[in-house]
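Grab your viewer and work through these short exercises. Each one sets a task and then walks through a solution.

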Amino acid sequence: MDEELTIGAVSDRTGVATSALRFYESQGLIHATRSDGGQRRYVRDTLRRVSFIRIAQQVGLSLDEIRNALSSLPDNRTPTPRDWERLSTSWRPRLDGQIAMLERLRDNLAGCIGCGCLSLKVCQLANPGDEAARLGAGPRWMMEQQETP
Ligand code: FES
């Protein structure tokens, strides 16, 4: 297997557009060297980093969160399973919170989410007079469990 990949090869294998790869590089999320002709070359473990970025973005994590996580990985060598395990352990609470929110969304969307609309019959019981507003902005009944661990 080629140890150095072109931007096109990384794009083909990860399904991420070359423009996005250049953007990730400009954000310090991935790194490239240059060939004699000035073309980008990526080490093979960039495929895992790019795949990680894609998955993290799909579950709603910000670029800053992703950058912080990737910065915990060594730059000068291929990250080991231990390196990735350390990263995933640091992320576990964040991901658990995301999973819990998604489950609430899946299970409660037919009910009152405490958003202030009072548009459902159940809102009269679950959020009389929009009492949820006292707790702050947004769909409070969805968020409460996330914000009060
Ligand atoms: S769903 Fe909006 S206040 Fe109940």
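**Exercise 1.** Find where Asp130 sits and say what stands out about its phi.

Solution. Start with the location: Asp130 belongs to the loop between α6 and α7, the latter spanning 140-147. Keep in mind that this is a predicted model. Next, look at the backbone: phi of Asp130 is near 55°, a positive value in a residue other than glycine. For context, most residues other than glycine have a negative phi.

**Exercise 2.** Do the same for Leu118, then classify its accessibility as buried, partly exposed or exposed.

Solution. Place it first: Leu118 is in the loop between α5 and α6 (121-126). Its phi is near 50°, again a positive value in a residue other than glycine. Now the accessibility: buried needs under 20% and exposed needs over 50%. Leu118 comes in at 31% relative accessibility, so it counts as partly exposed.

**Exercise 3.** Work out how many aromatic pairs there are, and classify the geometry of Phe23 and Tyr24.

Solution. Step one is the count, which comes to 3 aromatic pairs. Step two takes Phe23 and Tyr24: their ring centres are 6.4 Å apart, with 55° between the planes. Stacked would need under 30 degrees and edge-to-face over 60, so this pair is tilted. Step three checks the cover on each partner: Phe23 is partly exposed because its relative accessibility is 37%, whereas Tyr24, at 5%, is buried.

**Exercise 4.** Which residues does the ring cluster link, and which charged end sits over the ring of Trp84?

Solution. Follow the ring pairs and you get a cluster of Phe52, Trp84 and Trp91. Then look over the ring of Trp84: the charged end of Arg48 sits there, 4.4 Å from the ring centre.

**Exercise 5.** Is Gln98 buried or exposed, and which side chain does its own side chain contact?

Solution. Gln98 lies in helix α5. Its relative accessible area is 18%, and the buried class is anything under 20%, so Gln98 is buried. As for a partner, the side chain of Gln98 makes a polar contact of 2.5 Å with that of Arg94.

**Exercise 6.** Stay with helix α5 and track down the surface patch that includes Leu102.

Solution. Leu102 is in α5, which runs over residues 81-108. Joined with Leu105 and Leu109, Leu102 makes up a nonpolar patch on the surface. Together the three leucines offer about 280 Å² of accessible area.

Definitions and conventions
Residues are numbered from 1 along each chain as its sequence is written. This is a predicted model: local features need pLDDT of at least 70, side-chain atom pairs count only at pLDDT 80 or more; totals for chains, interfaces and linings use all residues. Side-chain values use heavy atoms; hydrogens and water are left out. Patches are made of residues with over 30% relative accessible area and no salt bridge: like charges are joined within 9 Å, nonpolar side chains (Val, Leu, Ile, Met, Phe, Trp, Tyr) within 5 Å. Accessible areas come from the Shrake-Rupley method with a 1.4 Å probe; for residues, only the protein chains shown count as cover. A salt bridge is a side-chain nitrogen of Lys or Arg within 4 Å of a carboxyl oxygen of Asp or Glu. Helices (H or I, at least four residues) and strands (E, at least two) are DSSP runs, numbered from the N terminus. Rings of Phe, Tyr and Trp (its six-membered ring) pair if their centres lie within 6.5 Å; planes under 30 degrees apart count as stacked, over 60 as edge-to-face and the rest as tilted. Buried means under 20% relative accessible area, exposed over 50%, partly exposed in between (1.4 Å probe, protein chains only). A charge sits over a ring if NZ of Lys or CZ of Arg is within 6 Å of the ring centre and within 35 degrees of the ring normal. A polar contact is a pair of N or O atoms within 3.5 Å; within protein, one must be able to donate a hydrogen and the other to accept it, and residues adjacent in sequence count only if both atoms are side-chain atoms.
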